[in-house]
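Okay, thanks for making time, everyone. Have a look at this one with me, and let's walk through it together.

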Amino acid sequence: MSHPEQGQPNPSPSPSSRPPLPPGTPRRNRRGLYAGLLVLLLAGGGWYWYAHRGDAPKGIAGGPGGASGPAAGGPGGPGGRAGMPRSPVVVATVVQRDMEVVLNGLGNVTPVSNVTVRAQVSGPLLKVLFKEGQMVKAGDVLAEIDPRPFQAALDQAVGQLARDQALLQNARLDQQRYRTLLGQDSISKQQVDTQDALVRQYEGVVKTDQGNVANARLQLGYTKIVAPVSGRIGLRQVDPGNIVNTGDTNGIALITQIQPIAVMYTIPEDNLPSVLKKLNAGEKLPVQAWDRQVRNQLGEGTLLTTDNQIDTTTGTVKLKAVFPNADGMLFPNQFVNVRTRVDTLKDATVVPVAAIQRGQQGTFVYTVDEASKVKVQVVTLGPGDGSRSAVLKGLAPGQRVVVDGADRLKEGMTVETVDPAARAAAVAPASQPRARARRHRDGAGGASGAQADAGAGGASAPPGERRRHRDAGTGASAPQQ
């Protein structure tokens, strides 16, 4: 082992400038050399990572495609305070047209007739002649009860009537003979009076027998159960072979008349005078019935009458309308939204209901001028039909009002009018995976985009991932021992 000469300084050159050690270099010096190289590599890697750790945020938020860099959102850039992006809104034009005054109400479909078919005589049920849910007409035979006991009772009543009629006929013949003999002064007056009383007695018996015959015939007719009204028959409540009685609660079936059909609904009491004015004048107010979501019209009818009192608990009054219901779309007990047209305004200024806003200044709308500037315009509203409203004061036909996007507007803002259909098509679905969107972007930008991502490690990749991509691209290798 060689040692430096005494009296000479021991130089300590930097690890990078040291010459390669000869094969005979001591192992202790080799270990120190390796440790120094490792420290230098770690320090250089740390400095490089610290210097480039902001690449991902800058590439996302402040890079060429970001929103906070000098080119996109920095001070003085196009997206800065002097060039903020315009707020997108959907506008509609104020028009002048005839406006229908419509009263909206909530109601239920009520059948004109709702009849439970019951047996009127007791006996075994032989036949059921209807199908559940079918349409029946008044007088159609629905079921049949065993008629034989009732037929026997009718025959017995008819026989009794024939017997008493014969006795009456014989008593009348005797009455004529007694009167002839009384005229000849051959019998006493008492016998004639007795015969007259006997004739009247037989006449009463015959009248009773006639009533019995009629009752027996009626009971026999009740063995055939017929539909009392026309309508839709419900589910069958009893099967053939069962004994039916007149006191059965459920009866045979339920018939609901649906053509025509009625709708009971309510309106506020403040609107009652306008309705009564039309009804008292003899006008028939048209009424429309809509489904629960107010999307499909179920039928058109006319207002029949109003209730005779106002409900003080709700401040509403009941109205009844009748619908032909030829297509059967209105079903008993169905919930419906009802629209009653009570008047028509000629040449009214009309705006969509979505444009109407309410605040401290009252009712107002946001108008957009030719320079796309927003202005708050206070308006006075008139009647409406649910989707549009008449404006009595504050707007003129031809002006543009905001119907969507008004929640972020202020006086004097500059907006951008957009088409709702185009905006919906431009917005990507929220459920689209990011990888799929990146593949779509790479396919549109060519292979250079993929190579750039691979070379740079991806703008949005974590630091460790970018370092691995960088090492792979530059060919860096670990020091060999």
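So, let me start with a question: which residues does leucine 142 touch, not counting residues up to four places away in sequence? Here's the list: Val117, Val128, Leu129, Phe130, Val136, Ile225, Val226, Ala227, Ile233 and Ile255. Keep in mind throughout that this is a predicted model.

Leu142 and Ile255 are the residues with the most contacts inside the largest nonpolar core, a set of 31 residues. Who supplies that core? At least two residues each come from β4 (123-128), β6 (141-145), α3 (148-183), α4 (189-221) and β10 (253-256). There's also a second, separate core with 23 residues, and Val263, Leu298, Ala321 and Val336 are among them.

Okay, stepping back for a moment. We've got 481 residues, and 27% of them count as buried. The fold has nine helices and 22 strands. If you take contacts between residues at least 6 apart in sequence, 72% of those join residues at least 24 apart. And for the surface people: the accessible surface is about 31100 Å², with 52% of that belonging to carbon and sulfur atoms.

Now back to β4, and its pairing. On one hand, β4 runs antiparallel to β9, residues 243-244, with two bridges joining them. Glycine 123 has valine 244 in β9 as its bridge partner. On the other hand, β4 pairs with β6, also antiparallel, over three bridges. There, leucine 125 is matched with isoleucine 145 of β6.

Next, the helices. Alanine 216 sits in helix α4. Is alanine 216 buried or exposed? Its relative accessible area is 8%, and buried means under 20%, so alanine 216 is buried. Which residues is it in contact with, leaving aside neighbours within four places in sequence? Phe150, Ala153, Leu154 and Ala157. If you want a distance to check in your viewer, alanine 216 and valine 158 are 58 residues apart in sequence, and their C-alphas are 9.1 Å apart in space.

Last stop, threonine 367. You'll find threonine 367 in strand β17, residues 362-368. With a relative accessible area of 7%, threonine 367 falls under the same 20% cut-off, so this one is buried too. Its contacts, again leaving aside neighbours within four places in sequence, are Lys373, Val374, Lys375, Gln377, Leu395, Gln399, Arg400 and Val401.

That's my tour, thanks for listening.

Notes. Residues are numbered from 1 along each chain as its sequence is written. This is a predicted model: local features need pLDDT of at least 70, side-chain atom pairs count only at pLDDT 80 or more; totals for chains, interfaces and linings use all residues. Side-chain values use heavy atoms; hydrogens and water are left out. Helices (H or I, at least four residues) and strands (E, at least two) are DSSP runs, numbered from the N terminus. Buried means under 20% relative accessible area, exposed over 50%, partly exposed in between (1.4 Å probe, protein chains only). Contact means heavy atoms within 4.5 Å. Accessible areas come from the Shrake-Rupley method with a 1.4 Å probe; for residues, only the protein chains shown count as cover. A nonpolar core is a set of buried Ala, Val, Leu, Ile, Met, Phe, Trp, Tyr and Cys residues joined through side-chain atoms within 4.5 Å. Two strands pair if DSSP finds at least two bridges between them.
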